[in-house]
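This briefing covers nonpolar packing and charged side-chain pairs. Please read it beside the sequence and structure shown here.

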Amino acid sequence: MTAYLERPPVPGLAAAVRTVWIQRTGDAPYAQRHLPTGGVEIHFPVGGRPRLLGPLTGPQIEVIPAHTTIVGVRFRPGAAPPLPAGLDELADQHLGLSELWGRAAERLAEAVALAATPELGLAAVQAHLVREFRRTGSDPLVGEAVRVLMPWDPVGVDAVAAHLALSASQLRRRCLQAVGTSPKVLQRTLRFQGFLALAQSGAVASGRRGADGVAGLAVDAGYADQAHLSRECLRLTGVTPRQLLGGDLDRCACGHDHSASYAPFLATRGRSPAKLSG
């Protein structure tokens with residue numbers, strides 16, 4: 001059985017990183033279903049080659065060998081680590097990190113492999129990223145776009161562009177560069193992540209429109225109804241909501257604890273609605 005321990009990043013990465021984790025597979029290979037999150041990920045198999053998972057627009061299945069330990073970092077949308085290419089060129093790709101970072105990736109992979117524990121290896125990865133983000137920054141306008149595109153207070157993409165004093169085409173170009181997807185695709189991804197966060201946290205539906213259970217959480221996340229959620233879930237994950245969640249609303253099918261991811265995501269739900277100009 002695979003084990004997965006997720007935790008918040010160190011404080012110096014909180015603005016850029018959604019979560020970090022350590023994953024260990026058991027005696028059999030494990031089929032990992034990677035889902036769109038709006039951000040990129042970097043994976044360091046202990047003793048193996050590090051890889052970058054680009055921004056996803058659909059599910060990607062990876063078979064992880066038995067007895068493998070991976071330390072990983074999942075970035076927030078628009079807050080990717082320094083890369084030599086725009087993220088639109090890396091969408092839906094799983095690439096060797098050495099192709100993008102060169103010797104820096106190889107040195108970091110060696111540090112992870114030589115660390116006494118995976119936890120210390122993860123600490124080395126985070127320390128490297130803290131140094132990198134001190135030297136570089138992210139696009140503040142894209143960061144603001146991500147904030148107002150969160151699912152709790154749905155807005156139109158044109159209104160977001162006006163709020164940022166950009167044309168719709170300018171916003172699209174900047175999102176493609178910094179996020180890897182268009183604003184509309186990002187909005188759909190964040191809405192689905194909102195549903196997952198509600199489901200994984202065991203949240204009770206608000207009861208709007210008389211809906212409860214999966215249907216109620218779908219409405220709370222911004223879907224028109226449960227059928228709308230089901231179509232988007234199939235598009236983004238390849239399975240139905242019930243299949244993804246294992247038939248329950250308090251866990252995903254893999255049984256992993258995702259609280260480090262969904263707690264900060266849900267914290268944005270209680271903020272005042274964004275007041276958009278235009």
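Phe 195 touches Val 214, Leu 217, Ala 218, Ala 221, Tyr 223, Leu 229, Pro 241 and Leu 245, where contact means heavy atoms within 4.5 Å and residues up to four places away in sequence are not counted. This is a predicted model, in which local features need pLDDT of at least 70 and side-chain atom pairs count only at pLDDT 80 or more, while totals for chains, interfaces and linings use all residues. Residues are numbered from 1 along each chain as its sequence is written, and side-chain values use heavy atoms, with hydrogens and water left out.

**Nonpolar cores**
- The largest nonpolar core (buried Ala, Val, Leu, Ile, Met, Phe, Trp, Tyr and Cys residues joined through side-chain atoms within 4.5 Å) has 41 residues, of which Val 160, Leu 171, Phe 192 and Phe 195 touch the most other members.
- Among the elements giving two or more residues to this core are α6 (168-178) and α7 (183-200), helices being DSSP runs of H or I with at least four residues and strands runs of E with at least two, numbered from the N terminus.
- Helix α7 gives the most to this core, with eight residues.

**Salt bridges**
- The structure holds ten salt bridges, each a side-chain nitrogen of Lys or Arg within 4 Å of a carboxyl oxygen of Asp or Glu.
- Glu 6 forms a salt bridge with Arg 74, with the closest N and O atoms 3.7 Å apart.
- Glu 6 lies in strand β1 and Arg 74 in strand β7, so this pair ties together parts that are 68 residues apart in sequence.
- Glu 6 is buried at 9% relative accessible area (buried means under 20%, exposed over 50%, partly exposed in between, with a 1.4 Å probe and protein chains only).
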